[in-house]
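Subject: Structure for you to look over

Hi,

Here is the structure we talked about. Please open it next to this email; my notes follow below.

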Amino acid sequence: QVQLVESGGGLVQPGGSLRLSCAASGFSISTYAMSWNRQAPGKERELVAAISTSGGSTNYADSVKGRFTISRDNAKRTVYLQMNSLKPEDTAVYYCVATTIVSKSPRYWGQGTQVTVSS
């Protein structure tokens, strides 16, 4: 069965850190660009961070630059999002997405993991 499963979300105080993981099964992520996206209540889904197939290229939303780091381990079929200096506005459901290189269209989505930043 092809799926992406996120984990690592939870409740954290402002200024704290979390590390999200996205584990793939049923397919290899090595040929997909991977990204983390998030959606807060009442807001549109937004791209948080993306990483190329080899991990050599990354890009981030301006709102998370310098605080979040995306990485991948193709051998483990896992993508990570290290989130530091968390703010209440980072509260959202975070989704992992596998995007095909040729068409640049999302192919697989995870079910999401909730991140809540609150004191």
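A salt bridge here is a side-chain nitrogen of Lys or Arg within 4 Å of a carboxyl oxygen of Asp or Glu. The structure holds four by that rule. Bear in mind that this is a predicted model.

**Salt bridges**

Start with arginine 38 and glutamate 46. Their side chains meet in a salt bridge, at 2.6 Å from N to O. Arginine 38 is buried, because its relative accessible area is 5% and the limit for buried is under 20%. Glutamate 46 has 32% relative accessibility, so it counts as partly exposed.

Next, aspartate 90 and arginine 67. Their closest N and O atoms are 2.8 Å apart, and they form a salt bridge. This pair links distant parts of the chain. Aspartate 90 is in the loop between S8 and S9, arginine 67 is in the loop between S6 and S7, and 23 residues separate the two in sequence. Aspartate 90 is buried at 1% relative accessibility. Arginine 67 is buried as well, at 11%.

These two pairs belong together: Arg38, Glu46, Arg67 and Asp90 are linked in a network of salt bridges.

Then look at aspartate 62 and lysine 65. They form a salt bridge with the closest N and O atoms 3.1 Å apart. Aspartate 62 is exposed, with a relative accessible area of 66%. Lysine 65 is partly exposed, at 49%. Lysine 65 sits in the loop between strand S6 (58–60) and strand S7 (68–73). Its C-alpha atom is 14 Å from that of isoleucine 51, which lies 14 residues away along the chain.

**Disulfide**

How many disulfides are there? The count is one. Cysteine 22 is joined to cysteine 96, with an S to S distance of 2.1 Å. Cysteine 22 is in strand S3 and cysteine 96 in strand S9, 74 residues apart, and the pair links distant parts of the chain. The link is left-handed, with -80° about the S-S bond. Both cysteines, 22 and 96, are buried.

**Core**

The largest nonpolar core has 30 residues. Which of them touch the most other members? They are Leu4, Met34, Trp36, Leu81, Met83 and Tyr94. Seen by element, two or more residues each come from strand S3 (18–25), strand S4 (32–39), strand S5 (46–51), S7, strand S8 (78–83), strand S9 (92–100) and strand S11 (113–117).

Methionine 34 is worth a click. Leaving aside neighbours within four places in sequence, methionine 34 is in contact with Leu4, Ile29, Ala49, Ala50, Ile51, Ile70, Arg72, Val79, Cys96, Val97 and Ala98. Cys96 in that list is also one end of the disulfide.

**Strand S8**

Is S8 mostly covered or mostly open? Mostly covered: five of its six residues are buried. S8 pairs with S3 in the antiparallel sense, over six bridges. Leucine 18 stands opposite methionine 83 in S8. S8 also runs antiparallel to S7, and six bridges join them. Here serine 71 stands opposite tyrosine 80 in S8. S7 and S8 form a hairpin with four residues between them. In that turn, arginine 77 has a positive phi of about 55°.

Best wishes

Conventions:
Residues are numbered from 1 along each chain as its sequence is written. This is a predicted model: local features need pLDDT of at least 70, side-chain atom pairs count only at pLDDT 80 or more; totals for chains, interfaces and linings use all residues. Side-chain values use heavy atoms; hydrogens and water are left out. A nonpolar core is a set of buried Ala, Val, Leu, Ile, Met, Phe, Trp, Tyr and Cys residues joined through side-chain atoms within 4.5 Å. Buried means under 20% relative accessible area, exposed over 50%, partly exposed in between (1.4 Å probe, protein chains only). Contact means heavy atoms within 4.5 Å. A disulfide is a pair of cysteine sulfur atoms within 2.5 Å. Two strands pair if DSSP finds at least two bridges between them.
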